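The paragraphs below go through a single structure, moving from one residue to its surroundings and then to the strands and loops. Please keep the sequence and the model at hand.

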Amino acid sequence: MHRSLVRPFMGARGFSSTSEKIVASVLFERLPVVIPKLDPVVYAFQEFSFRWRQQYRRKYPDEFLDMSKSRGKGDYQIDYVPAPRITEADKMNDRKSLQRALDRRLYLLLYGDSNAAPSGKPVWHFPEKVYDSEETLRKCAESALASVLGDLSHTYFVGNAPMGHMVIQQMENVPEPFKRFFFKSQVIDTNKFNIRKCEDFVWVTKDELLEYFPEQAEFFKKMIIS
């Protein structure tokens, strides 16, 4: 693993010492918008912990408690109404919308021609770009995402190093082997993008993502922690 990451920086190209094909892919994610529901076991433990601590809580004077109850009853009091956890996009299974699965992470997938494996037919893939002459591999990944979104004003790349990589062997629909490096980027301060340069796109959870890549499911299970 260390050898595959260090060796390419020694070449005359600025990145690769050989003519091997290298692809930068972007795992573009939207973080959860609402707090996920607690697992019943976790909830039961928290209830037990709370009741146990109540046995040893400090006893406050009644007049002090009466004062705290009277707070927040002025004209400035706001009635809090929680937003629904299940949205219209959830009910319609609209995978083009970011307004779904609010308690989960969502990942962007594109449907169309893939630079990494030109087979003559569209496939599902991540935003990607074949490394050419960029200063760094992260710059290549940024260029890949910018070509899909138009700009990077609502994105944040997490770190400079790739989060994982895979080696794609030569097959019938892959004319030459190559290495694919994954970079993580996150959605910042928006709930809609103008996705372009693809025939279709979806925002999917980790479990849904695995359905699109059954052959690489085990790899993505380990790489994507959510």
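In this predicted model, a polar atom of the S185 side chain lies 3.2 Å from the backbone oxygen of Y156. S185 belongs to strand β7, which covers residues 178-187. With a relative accessible area of 0%, S185 falls under the 20% limit and is therefore buried. What is S185 in contact with, leaving aside its neighbours within four places in sequence? The residues are V26, L27, F28, E29, L145, T155, Y156 and F157. Among these contacts of S185, E29 also takes part in strand pairing, with Y107 of β2 as its bridge partner.

That bridge leads to strand β2, residues 106-112, where 6 of the 7 residues are buried, so the strand is largely enclosed by the rest of the structure. Which strands pair with β2? Strand β1, residues 21-30, runs antiparallel to β2 and is joined to it by 2 bridges. Strand β8, residues 200-204, pairs with β2 over 5 bridges, again in the antiparallel sense. Within the pairing with β8, Y111 stands opposite D200. Strand β3, residues 123-125, is also antiparallel to β2, and 3 bridges connect the two. There, L110 has H125 of β3 as its bridge partner.

A helix comes next. A146 is located in α5, which spans residues 137-149. Apart from neighbours within four places in sequence, A146 is in contact with D151, L152 and R196. A146 is separated from P127 by 19 residues in sequence, and the C-alpha atoms of the two are 9.1 Å apart.

Two loop residues remain, and both concern the backbone angle phi. Most residues other than glycine have a negative phi. N93 is not a glycine, yet its phi is positive, at about 50°. N93 sits in the loop between α4 (88-92) and β2. Is N93 buried, partly exposed or exposed? Its relative accessibility is 44%, which lies between the limits of 20% and 50%, so N93 counts as partly exposed.

The second case is D189, also not a glycine, with a positive phi of about 60°. D189 is placed in the loop between β7 and β8. Its relative accessible area of 70% is over the 50% limit, and D189 is therefore exposed. The loop that holds D189 follows β7, the strand in which S185 lies, and leads to β8, a strand paired with β2.

Conventions:
Residues are numbered from 1 along each chain as its sequence is written. This is a predicted model: local features need pLDDT of at least 70, side-chain atom pairs count only at pLDDT 80 or more; totals for chains, interfaces and linings use all residues. Side-chain values use heavy atoms; hydrogens and water are left out. Helices (H or I, at least four residues) and strands (E, at least two) are DSSP runs, numbered from the N terminus. Buried means under 20% relative accessible area, exposed over 50%, partly exposed in between (1.4 Å probe, protein chains only). A polar contact is a pair of N or O atoms within 3.5 Å; within protein, one must be able to donate a hydrogen and the other to accept it, and residues adjacent in sequence count only if both atoms are side-chain atoms. Contact means heavy atoms within 4.5 Å. Two strands pair if DSSP finds at least two bridges between them.
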